[in-house]
Amino acid sequence: MGAHAATAANSDSELAESLARDGFAICEEYWSADRWLALATEAQLLRVKGGFRRAGVGRGTSLRIRPEIRSDYVCWIDPDAPTRRQRMWLERMELLRQCLNQHLYLGLSSFESHFAVYPPGSFYQTHLDRFADASLRTVSTILYLNPDWAHELGGALRLHLAAENEATHTSVQRDIMPTGGTFVCFLSAEIHHEVLPASRERWSIVGWFSKRR
Ligand code: OGA
Ligand code: MN
């Protein structure tokens with residue numbers, strides 16, 4: 001079987017298997033519609049209340065706003081004061097963390113996450129999620145929060161995967177539509193990826209499992 005034939009997983013252990021085999025995994029309908037719709041509503045309310053900020057590139061003192069690289073807005077989830085819906089998501093991710101550690105011995109120890117909104121036309125150019133400053137982001141996670149997403153709207157997450165056939169040096173792309181309830185995870189230090197512009201607002205919760213230094 002080719003390396004990039006990954007089909008949708010149905011459980012966390014299947015996600016772990018795909019992650020180990022392909023470096024990424026996709027699960028459609030990972031979170032039930034009433035749950036992700038509630039999170040979407042919450043995110044929209046947070047935005048009305050001014051809770052979102054222009055996303056930056058880099059971390060700590062090297063954090064910069066670089067709209068030519070990314071033009072989304074984010075609102076971090078406070079792990080010490082999550083809403084009930086946010087807590088349910090954090091608990092779900094805690095189960096996934098334990099499953100990934102059991103299957104893959106990744107030693108994931110923490111999770112950080114934020115809501116993100118890409119206004120129409122905004123994007124995030126090709127990048128890796130692990131920073132050059134040796135932060136230990138290891139597995140990236142994304143849950144999409146968009147009802148009725150259609151292919152013509154654009155806004156795919158595009159994964160740039162290593163060549164299937166090393167000799168041809170061709171890179172393989174895999175596009176994932178940001179349909180509500182779809183969940184994607186991938187190895188933060190290995191999978192280059194980008195967000196293509198959409199003609200409609202594009203909502204998600206992005207997160208990262210890290211290991212201890
Ligand atoms: C990110 C990112 C992808 C997406 O926030 O680092 O790559 O599909 N997001 O929202
Ligand atoms: Mn990213």
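Tutor: A polar contact is a pair of N or O atoms within 3.5 Å; within protein, one of them must be able to donate a hydrogen and the other to accept it, and residues adjacent in sequence count only if both atoms are side-chain atoms. This is a predicted model, in which local features need pLDDT of at least 70 and side-chain atom pairs count only at pLDDT 80 or more, whereas totals for chains, interfaces and linings use all residues. Residues are numbered from 1 along each chain as its sequence is written, chains are lettered from A and ligands numbered from 1 in the order in which they are written, and side-chain values use heavy atoms, with hydrogens and water left out.

Student: At what distance is an oxygen atom of ligand 1 from an N or O atom in the side chain of Arg 202?

Tutor: Of the 14 residues around ligand 1, those that come nearest are His 127, Asp 129, Tyr 144, His 193 and Arg 202, where near means having a heavy atom within 4 Å. For Arg 202, the distance from a side-chain N or O atom to an oxygen atom of ligand 1 is 2.7 Å.

Student: How much of the accessible area that ligand 1 has on its own does the protein cover?

Tutor: A polar side-chain atom of Tyr 144 lies 2.5 Å from an oxygen atom of ligand 1, and for a side-chain N or O atom of His 127 the distance to a ligand oxygen is 3.2 Å. With accessible areas from the Shrake-Rupley method and a 1.4 Å probe, ligand 1 on its own has 290 Å², and the part covered by the protein is 98%.

Student: Which residues coordinate the manganese ion (ligand 2)?

Tutor: Donors are N, O and S atoms within 2.8 Å of the metal (3.2 Å for Na, K and Ca), and the site may look incomplete because water is not among the atoms. In sequence the donor residues are spaced H-x1-D-x63-H. At 2.1 Å, the manganese ion is coordinated through NE2, OD and NE2, respectively, by His 127, Asp 129 and His 193.

Student: Why do the buried residues of helix 1 lie on the same side?

Tutor: Helices (H or I, at least four residues) and strands (E, at least two) are DSSP runs numbered from the N terminus, and buried means under 20% relative accessible area, exposed over 50%, with partly exposed in between (1.4 Å probe, protein chains only). In helix 1 (residues 12–22), Asp 12, Leu 15, Ala 16, Ser 18, Leu 19 and Asp 22 are buried. They are on the same side of the helix because, around the axis, they cover an arc of only 165°.

Student: Which residues are exposed on the other side of helix 1?

Tutor: The buried residues are covered by elements that include strand 1 (24–27), helix 3 (84–104), strand 6 (137–144) and strand 9 (183–187). On the other side of helix 1, the exposed residues are Glu 17, Ala 20 and Arg 21.

Student: Is Arg 70 buried or exposed?

Tutor: Arg 70 is placed in the loop between strand 2 (53–54) and strand 3 (73–76), and its side chain has a polar contact of 2.8 Å with that of Asp 72. Beyond four places in sequence, Arg 70 is in contact (heavy atoms within 4.5 Å) with residues including His 114, Phe 123 and Tyr 124. Because its relative accessibility is 10%, Arg 70 counts as buried.

Student: What relative accessibility does Ala 43 have?

Tutor: Ala 43 lies in helix 2 (residues 33–48), and, leaving aside neighbours within four places in sequence, Ala 43 is in contact with Phe 52, Phe 115 and Trp 203. Ala 43 counts as buried, since its relative accessibility is 0%.

Conventions
Arc of directions from axis to C-beta.
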